[in-house]
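This report looks at how helices pack against one another and at the nonpolar core they share. The sequence and the model come first.

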Amino acid sequence: MARAHHWLTWFERNKVWILWGTLIFVALTGFVRRDWIAGHLLGGWAEATPDPVLLLAVFVWFFVSQLVILPSGTLSILMTGALFGWWVGLLYEVAMFLSGQLLHLLARQDRGAARQALARALPEKLRHGVLWRLMERAERRGIATTVMLRLLPIAPSAICPLIVGSIGGASGRLAVGTLLSGWARPVSIALVGQAAGHALLAPERLMSEVAQPVLWVALVSLGLSSLAAYLIVRPLPQREPPSR
């Protein structure tokens with residue numbers, strides 16, 4: 001437990017340096033592979049063969065950025081979606097799955113540290129209302145709670161495993177919920193990034209290339225938000241009294 005608390009606290013205290021260090025690593029990798037990036041941009045996205053070294057650097061950023069409660073995912077996916085294509089959203093989900101399992105393990109080992117991290121990251125009005133409801137549901141509906149949190153458009157990825165782990169939820173339920181729903185937001189956002197990247201090659205087609213994906217993502221986000229809201233507010237089944 002002491003080691004788990006140490007790692008959670010260490011991540012929280014040093015997240016700025018960790019994220020900046022990872023960004024510098026990605027930037028240096030991009031500089032080394034600048035010839036590929038230039039050829040990719042000039043030659044078009046569909047014909048390019050992804051560079052494995054650059055993809056590895058992007059994956060490291062995806063993984064590290066999801067270990068802290070930080071709303072960085074949307075911008076990261078938009079930029080990489082423009083460079084690599086819509087399927088980078090699936091790469092983001094793989095990083096989400098792995099980082100979620102690590103955070104869940106640490107949160108289960110020290111639930112107090114996990115709840116303190118959540119309390120520091122969330123506004124005060126959410127701590128006693130929505131957060132309490134989420135924890136109540138995570139205790140009895142681990143998969144549904146994971147799906148709900150993965151679908152929320154504005155929820156950083158780290159919140160989900162910290163909530164599920166802080167109440168002792170099973171890692172298997174977190175994994176199933178992430179596999180079911182974790183791809184939806186990243187792929188949708190990456191589609192917008194890909195469309196914007198294509199439009200850069202033909203500025204006169206900017207509106208026609210980007211408008212349709214943005215419309216679809218807006219509709220999907222509205223539907224996902226409605227589903228998540230329903231999962232939050234619907235009543236839990238009454239617990240049966242223990243038999244004597």
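A crossing of two helices is called right-handed if the near helix is turned clockwise from the far one by less than a right angle, and left-handed if it is turned anticlockwise. In this predicted model, α5 passes α11 in a right-handed crossing, and α9 passes α10 in a right-handed crossing.

**Two helix pairs**

The geometry of these two pairs is set out below.

| Helix pair | Angle | Axis separation |
|---|---|---|
| α5 and α11 (residues 171-181) | roughly 160 degrees | within 10 Å |
| α9 (residues 142-151) and α10 | about 160 degrees | 9 Å |

Angles over 145 degrees count as roughly antiparallel. With a crossing at roughly 160 degrees, α5 and α11 are therefore roughly antiparallel to each other. On the α5 side the contact is made by E93, M96, F97, G100, Q101 and H104, and on the α11 side by S171, L174, A175, T178 and L179. Sorted by character, the residues of the contact of α5 with α11 comprise five nonpolar, five polar and one charged.

What is the relative direction of the other pair, α9 and α10? Their packing angle is about 160 degrees, and α9 and α10 are therefore roughly antiparallel to each other. Here T146, L149 and R150 of α9 meet C160, P161, I163 and V164 of α10, and the residues of this contact divide into five nonpolar, one polar and one charged.

**The nonpolar core**

The largest nonpolar core of the model has 41 residues, and those with the most contacts inside it are F62, I69, F84, V88, L91, L118 and L162. At least two residues of this core are supplied by each of α1 (2-32), α3 (52-65), α4 (73-84), α5 (88-109), α6 (111-121), α10 (159-166) and α12 (184-201). Which helix gives the most to this core? That helix is α3, with eight residues.

**A residue of α3**

V64 lies in helix α3, and the question of whether V64 is buried or exposed can be settled from its accessibility. Buried means under 20% relative accessible area, and V64, at 14% relative accessibility, therefore counts as buried. Leaving aside residues up to four places away in sequence, V64 touches I18, L19 and T22. For one of these, L19, the C-alpha atom is separated from that of V64 by 7.1 Å, although V64 and L19 are 45 residues apart along the chain.

Methods
Residues are numbered from 1 along each chain as its sequence is written. This is a predicted model: local features need pLDDT of at least 70, side-chain atom pairs count only at pLDDT 80 or more; totals for chains, interfaces and linings use all residues. Side-chain values use heavy atoms; hydrogens and water are left out. A nonpolar core is a set of buried Ala, Val, Leu, Ile, Met, Phe, Trp, Tyr and Cys residues joined through side-chain atoms within 4.5 Å. Buried means under 20% relative accessible area, exposed over 50%, partly exposed in between (1.4 Å probe, protein chains only). Helices (H or I, at least four residues) and strands (E, at least two) are DSSP runs, numbered from the N terminus. Axes are lines fitted to C-alpha atoms, for helices over the stretch in contact, and angles run from 0 to 180 degrees between N-to-C directions. Angles under 35 degrees count as roughly parallel, over 145 as roughly antiparallel, 65 to 115 as roughly perpendicular and the rest as oblique. Contact means heavy atoms within 4.5 Å. Ala, Val, Leu, Ile, Met, Phe, Trp, Tyr, Cys and Pro count as nonpolar, Asp, Glu, Lys and Arg as charged, and the others, Gly among them, as polar.
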